[in-house]
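Hi everyone, thanks for making time this morning. I'd like to walk you through a model, so please have the viewer open.

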Amino acid sequence: MRNALRRAVIASMAGGIVLLAATLGAAQAPAYRAPRTADGKPNLNGIWQALNSANWDLQGHAAGKGPVASLGAVFSVPPGLGVVDGDEIPYLPAAAAKKKDNQANWVKLDPEVKCYLPGVPRATYLPYPFQIVQGPQNILISYEFAGAVRTVNMGAPTKAPGDSWMGWSNGHWEGETLVVDVTSLMEDTWFDRAGNFHSDALHVVERYTPRSADTLMYEATITDPKVFSRPWKISMPLYRRVEKNAKLLEYKCVEFAEELLYGPLSKKPSN
Amino acid sequence: MSHRSFALTAALVAVVAALSVALLAPQVATGQNQSSAPKATTAGKTWTPPRTPDGKADLQGIWSDNTLTPFERPKSLGAKEFYTDKELADLTRRVRAGENTEGAELGAANQQAVRYDLELYGFDRTKLRYTSNRTSLVVGPEGTVPPMLPQARERNAERNAQNKGHEFDSYANRPLSERCILMNQERIPMTPGANEGNLLQIVQGPGYVTLVHEIDHSTRVIPTDGRPHIPQNIRLWQGDSVGHWEGDTLVVDTTNFTNLTNYRGTGEKLHLIERFSRSADDTMIYQFTVEDPTTWAKAWTAEVPWTKTKGPVFEYACHEGNTMISTILRGARVSEAEAAKKGK
């Protein structure tokens, strides 16, 4: 009877493995299941921050000299592996030329220098924290830089009343992931300090997926048929600011850009 | 098959079956559905607000503080703190008919103050209304802000004197609102603007209440865990706010203002206590107490009813669209050049 027993055990184990495999395939069980808010949604509440050099350049890049010699290494360009899937940003030919021009003149042209609102997705990976406050009908995302803010509508999608710097955000849940559809973005924002740009046809779909208790995985798919030949995607982890009483502080940078913007219009001291 | 092998097989199948049931179980939402029905009220209360999922009073929504009630009581009313309903109805009728009454805060709707035809922007005079029976938003027998202390008068006079004759020299000489650093209607304490659709959106999450003012997209993310203020040497234009709940009332304490914030001539010792409580489905009572021992001998309090309203809340990109500063400064330089030419 030993052979029959062995055969029975092997058969049931094989059956079990097949059942298990089928189960795993069917449920697509994610690696991590976040704690829930009181209304049963994945809990994304908290202060988060990206830790990379994406704001310098979305694509992989070596370290480089900064634009201001007197600031030396302090304001030099740190290196980065890049956050773009495939490391390629698929510009249409005319747009590729504009990108090169942007990059060569970025200090003059980058809206971040003027303390302009950063737009989406750049607001996410500026080197400053942002805070997610999750209400049942709306999710607020408050960014430290320039007091930028977005309200993500979690009800039935609504239409934007007009174009804006931070766009119009409609969100919904797909399992563990918060999916945010961002439209009606003005063309005046950039993706980074390397001159990567877009038109007013920009459409961004973001995905925020809890990865562990203190990390999220952030992905953004960028579509803009006026500038790019196909959609492309960036992805990066976001890290929770875990210090006690972590708080976003005021970063009203308008003051710091005024000399640049209005200095030439100031009264010159009379001789 | 033997009895023992059957049992072993059954056990293995049971384990695998249990595992697959666990994995296949739908990820149901935990937590009860949010109830919007008011709970049983205690004696004396007429309305209890709905709860957020984490059990706090729900203050969420889009609110407007628009009102005809003036900030300070007109002198002719003396110590009269409240209008009767009849008096209010009469005043409302007169204001809507186009009269400029002393007891109404008309602001930009004031016929003498018209610079823009506000009807082009959707302003409808027939919608002007009082939101309170009070004769002024400042409460109390006087209904006015206390007189300034001599030291505050001197401090402000000195500041004005420094700027006198230099008002158009540079951006630094221009008002904070013109520079899009601190618009008047984004300041705290929050007070009604005249006829401006300055909406306020409240979103609540666990441990936080957030207020987004449409004007200059001014955002306050207020922790409600009663934590201490940030260190005293960190000064912010809008100060540092910490909140806690007293029953269904949100109480917010703000300090750490800069010495240039200058709310009504105050200095950096400005201390603001705000109370938010929802008195009806469409009404929030916003009450605030202001104190600054270097500006007033005593604290004073104002009460502003808010009304629930429909959005959308627009993005107000003040700085990005600011052509005012450059135009004003350029104009000043042109004037100076012309004056210099004439002088030659």
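Let me begin with a definition: I call two residues in contact, or touching, if their C-beta atoms, placed from the backbone, lie within 7 Å. Helices (H or I, at least four residues) and strands (E, at least two) are DSSP runs, numbered from the N terminus. Please keep in mind that this is a predicted model, where local features need pLDDT of at least 70, side-chain atom pairs count only at pLDDT 80 or more, and totals for chains, interfaces and linings use all residues. Residues are numbered from 1 along each chain as its sequence is written, while chains are lettered from A and ligands numbered from 1 in the order in which they are written.

Let's start with helix α5 of chain A, residues 254-262. Which of its residues are buried? A residue is buried if 20 or more other C-beta atoms lie within 10 Å of its own, exposed if 12 or fewer, and partly exposed in between, with C-beta atoms placed from the backbone. On that count, the buried ones in α5(A) are Val254(A), Glu258(A) and Tyr262(A). They sit on the same side of α5(A), because they cover an arc of only 60 degrees around the axis; the arc is that of the directions from the helix axis to the C-beta atoms. As a reminder, an α-helix has 3.6 residues a turn, so residues three or four places apart point the same way. And what do these buried residues pack against? Their partner is α4 (324-343) of chain B.

Now the barrel in chain A. Nine strands close it, in the order β1-β2-β3-β4-β5-β6-β7-β8-β9, with mixed pairing; two strands pair if DSSP finds at least two bridges between them. From one strand to the next the twist averages 30 degrees, where axes are lines fitted to C-alpha atoms, for helices over the stretch in contact, and angles run from 0 to 180 degrees between N-to-C directions.

Look at β1(A), residues 46-50, where the side chains alternate. Gly46(A), Trp48(A) and Ala50(A) point to one face and are buried, whereas Ile47(A) and Gln49(A) point to the other and are not. β1(A) runs antiparallel to β2(A), residues 130-134, with 3 bridges, and Gly46(A) stands opposite Ile132(A) there. β1(A) also pairs with β9(A), residues 232-240, again antiparallel and over 3 bridges; here Ala50(A) is opposite Leu238(A). Further round, β6(A) (177-183) and β7(A) (203-212) are antiparallel and joined by 5 bridges, with Leu178(A) partnered by Tyr208(A).

Ile132(A) comes back in another role: it is one of the residues touched by Ile141(A), along with Phe130(A), Val149(A), Arg150(A) and Val152(A), not counting residues up to four places away in sequence. Ile141(A) and Ala148(A) touch the most other members of the largest nonpolar core, which has 88 residues. Such a core is a set of buried Ala, Val, Leu, Ile, Met, Phe, Trp, Tyr and Cys residues joined through C-beta atoms within 7 Å.

One more stop in chain A: Val120(A), in the loop between α3 (106-109) and α4 (122-125). Is Val120(A) buried or exposed? It is buried, because 25 C-beta neighbours lie inside 10 Å. Leaving out residues up to four places away in sequence, Val120(A) touches Met166(A), Gly167(A), Val182(A), Leu185(A) and Val204(A). The peptide bond from Val120(A) to Pro121(A) is cis, with omega near 10 degrees.

Over to chain B, which has 4 helices and 9 strands. Of its 344 residues, 29% are buried. There is a cis bond here too, between Gly311(B) and Pro312(B), with omega about 5 degrees; Pro312(B) lies in the loop between β9 (300-308) and α4 of chain B.

Two residues other than glycine have a positive phi worth checking on your screens. Cys180(B), with phi near 60 degrees, is in the loop between α3 and β2 of chain B and counts as buried because it has 22 C-beta neighbours inside 10 Å. Arg264(B), with phi near 50 degrees, is in the loop between β6 (249-255) and β7 (271-280) of chain B and is partly exposed, with 16 such neighbours inside 10 Å. For context, most residues other than glycine have a negative phi, and most peptide bonds are trans.

Last one: Glu178(B) is in the loop between α3 (150-163) and β2 (200-205) of chain B. The C-alpha atoms of Glu178(B) and Asn322(B) are 8.3 Å apart, though 144 residues separate them along the chain. Thanks for listening!
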